[in-house]
Amino acid sequence: MTTDDPFHWRAGVLYAEDVSCEQLAQRFGTPLYVYSRAALESAYRAFDEAFAELPHRVCFAVKANSNLAVLQTLARAGSGFDIVSGGELARVLAAGGDPAGIVFSGVGKAREEMAAALDAGIGCFNIESVAELDLLDRTARDKGMSAPVALRVNPDVDPKTHPYIATGLAQSKFGIAIADAPALYAEAMQRPGLQVVGLACHIGSQLLDLDPFEDALDRLLELAGQLQAQGVPLAHLDIGGGLGVRYGDELPPSPAAYAARLKPKLAATGLAVHLEPGRAIAANAGLLLTRVHYLKASSARNFAIVDAAMNDLLRPALYDAWQEIVAVHPHNGEDEQLLYDIVGPVCESGDFLGKQRPLALRADDLLAVRGAGAYGFVMASNYNTRPRPAEVLVDGGNEHLARARETLEDLMRGEQLLPEAGNG
Ligand code: LLP
């Protein structure tokens with residue numbers, strides 16, 4: 001097996017590393033998320049090696065895939081982590097991640113989340129507003145601590161991506177305007193509860209062009225120079241995540257090309273570099289297996305009604321995202337290819353995984369939705385009281401049940417019926 005191709009065909013059947021997807025579906029049921037350990041590791045290494053000449057830290061964006069076994073795999077490979085909640089902090093710690101390698105992003109950190117992260121000894125808080133700066137200072141001082149901070153600035157560049165996942169424009173809720181940063185750094189340096197260590201930005205996700213990254217970096221570097229002249233002791237620059245992946249016909253730059261474009265300018269600063277890739281590490285290390293329940297033809301459309309739905313994989317419904325759908329054991333040549341809309345059992349017209357896909361299908365066929373390792377399971381819900389899928393991590397010829405399928409008991413846990421009505 002080549003690690004570049006964790007999901008490949010053997011004798012006409014789709015394999016995950018050395019395990020047949022048909023076998024996985026039979027053993028664990030469907031819908032089923034399947035991840036490849038080798039693919040996770042090689043994607044992590046691609047970033048790590050691309051930045052090897054510089055002092056750097058790759059902090060996997062946990063929001064992309066927060067399964068404990070996935071985090072553990074990356075922690076063992078040496079990854080740091082970018083978290084956005086106390087929940088993600090708990091997961092990274094449970095998975096054996098090094099607290100010093102954690103950066104805490106997000107616009108709305110609560111006091112308890114800050115306190116937990118301080119107790120854990122995380123590497124950096126990326127602060128996004130004056131009010132947040134103030135709360136972190138007070139929270140740290142109450143503990144007799146000093147919190148390592150970077151300010152996340154908003155470089156106001158257009159990442160040319162889907163508007164829901166563009167974060168670096170002036171009208172976005174994220175970050176601090178570059179013009180406001182020098183005063184805020186001066187303020188942060190006055191605060192005994194804060195220790196300034198870096199400068200951060202993140203401009204958006206699924207970026208396929210390197211120009212916006214370079215534009216953002218230019219603005220960041222200009223600001224960094226200004227801050228250093230002002231006496232701000234910067235130790236690192238956090239350039240965020242956002243590198244896109246190939247779902248269909250996109251041609252995303254490789255981590256090596258991304259690094260090659262940014263490295264000369266980064267090297268000149270002498271600062272350490274932090275990265276926060278999520279999708280580029282996990283997306284193509286995973287797929288979602290789903291079985292065809294029924295085929296149904298109307299005058300306008302052929303539908304394949306499958307057992308996975310928008311609650312299991314939300315990206316198509318939410319962003320109109322295109323992810324490749326393949327038959328695990330295609331019977332091309334035997335059956336006619338038709339254009340199918342691949343839809344789930346949820347009662348919404350927006351419940352689809354793909355539209356107008358040329359496939360030769362029969363009921364009970366197994367399909368795989370590719371590119372589902374990032375923003376897949378993590379965005380799943382229980383809408384329509386549907387238990388969330390199981391997750392399996394494949395490692396060579398071994399399969400590890402990384403998360404059991406939810407049960408209806410799991411779904412009703414914590415709910416209570418009303419007490420019996422009194423009869424007097
Ligand atoms: N750092 C910060 C501060 C972020 O907000 C994000 C993603 C990342 C890093 C990781 O970005 P990545 O390398 O994965 O592009 N649910 C959407 C994606 C939302 C991304 C939000 N922030 C989707 O399914 O396309």
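1. Which residue forms a salt bridge with Asp-218? The partner is Lys-265, and the closest N and O atoms of the two side chains are 2.8 Å apart. Asp-218 belongs to helix α8 and Lys-265 to helix α9, so the bridge ties together parts that lie 47 residues apart in sequence. A salt bridge is counted here when a side-chain nitrogen of Lys or Arg is within 4 Å of a carboxyl oxygen of Asp or Glu. Helices (H or I, at least four residues) and strands (E, at least two) are DSSP runs, numbered from the N terminus.

2. On the basis of these remarks: this is a predicted model, in which local features need pLDDT of at least 70 and side-chain atom pairs count only at pLDDT 80 or more, while totals for chains, interfaces and linings use all residues. Residues are numbered from 1 along each chain as its sequence is written, and side-chain values use heavy atoms, with hydrogens and water left out.

3. On the exposure of the first pair: Asp-218 is partly exposed, with a relative accessible area of 32%, and Lys-265 is partly exposed, at 28%. The classes are buried (under 20% relative accessible area), exposed (over 50%) and partly exposed (in between), with a 1.4 Å probe and protein chains only.

4. On the other salt bridges: the count comes to 26. One of them joins Arg-27 and Glu-399, with the closest N and O atoms 2.7 Å apart. This pair links distant parts of the chain, since Arg-27 is in helix α1 (residues 21-28) and Glu-399 in strand β21 (residues 398-403), 372 residues apart. Arg-27 is exposed, with a relative accessible area of 53%, whereas Glu-399 counts as buried at 17%.

5. On Arg-413 and the network: the side chains of Arg-413 and Asp-410 meet in a salt bridge of 3.2 Å, N to O. Arg-413 is exposed at 60% relative accessible area, and Asp-410 is partly exposed at 29%. Elsewhere, salt bridges that share partners join Asp-134, Asp-137, Arg-138, Arg-141, Glu-187 and Arg-191 into one network.

6. On Arg-141, a member of that network: this residue is placed in helix α6 (residues 130-142) and is partly exposed, at 41% relative accessibility. Arg-141 touches Pro-192 and Gly-193 when residues up to four places away in sequence are not counted; contact means heavy atoms within 4.5 Å. The C-alpha atoms of Arg-141 and Gly-193 are separated by 4.9 Å, although the two residues are 52 apart along the chain.

7. On an unpaired acidic residue: Asp-351 is buried yet has no salt bridge, and the nearest side chain of opposite charge, that of Arg-386, is 6.7 Å away. For this purpose Lys and Arg count as positive and Asp and Glu as negative, while His and the chain ends are not counted. Asp-351 is found in the loop between β17 (338-343) and β18 (352-359). Its contacts, leaving aside neighbours within four places in sequence, are Ala-309, Met-310, Val-343, Gly-344, Pro-345 and Val-346.

8. On internal space: there is one cavity of 30 Å³ or more, and about 70 Å³ of space lies in the largest cavity. On a 1 Å grid over the protein atoms alone, a cavity is a set of points where a 1.4 Å probe fits but cannot get out, and lining residues have an atom within 4 Å of a point. Its lining includes Cys-201, His-202, Phe-213 and Tyr-258. Both α8 (211-229) and α9 (255-269) supply at least two residues of the lining, and the largest share, four residues, comes from α8.

9. On Leu-271: this residue lies in the loop between α9 and β13 (272-275) and is buried, with a relative accessible area of 7%. Among its contacts beyond four places in sequence are Pro-55, Gln-228 and Leu-234.

10. On backbone geometry: the peptide bond from Thr-30 to Pro-31 is cis, with omega near -5 degrees, and Pro-31 lies in the loop between α1 and β4 (32-36). Ala-11 has a positive phi of about 45 degrees although it is not a glycine; Ala-11 is in the loop between β1 (7-10) and β2 (13-16) and is exposed at 84% relative accessibility. Asp-320, also not a glycine, has a positive phi of about 60 degrees and is exposed at 61%.

Technical notes:
1 Å grid on protein atoms, 1.4 Å probe; cavity = no way out; pocket = protein on both sides within 12 Å on 5 of 7 lines; lining within 4 Å. Points joined across faces, edges and corners; volume = space filled by probe spheres on them.
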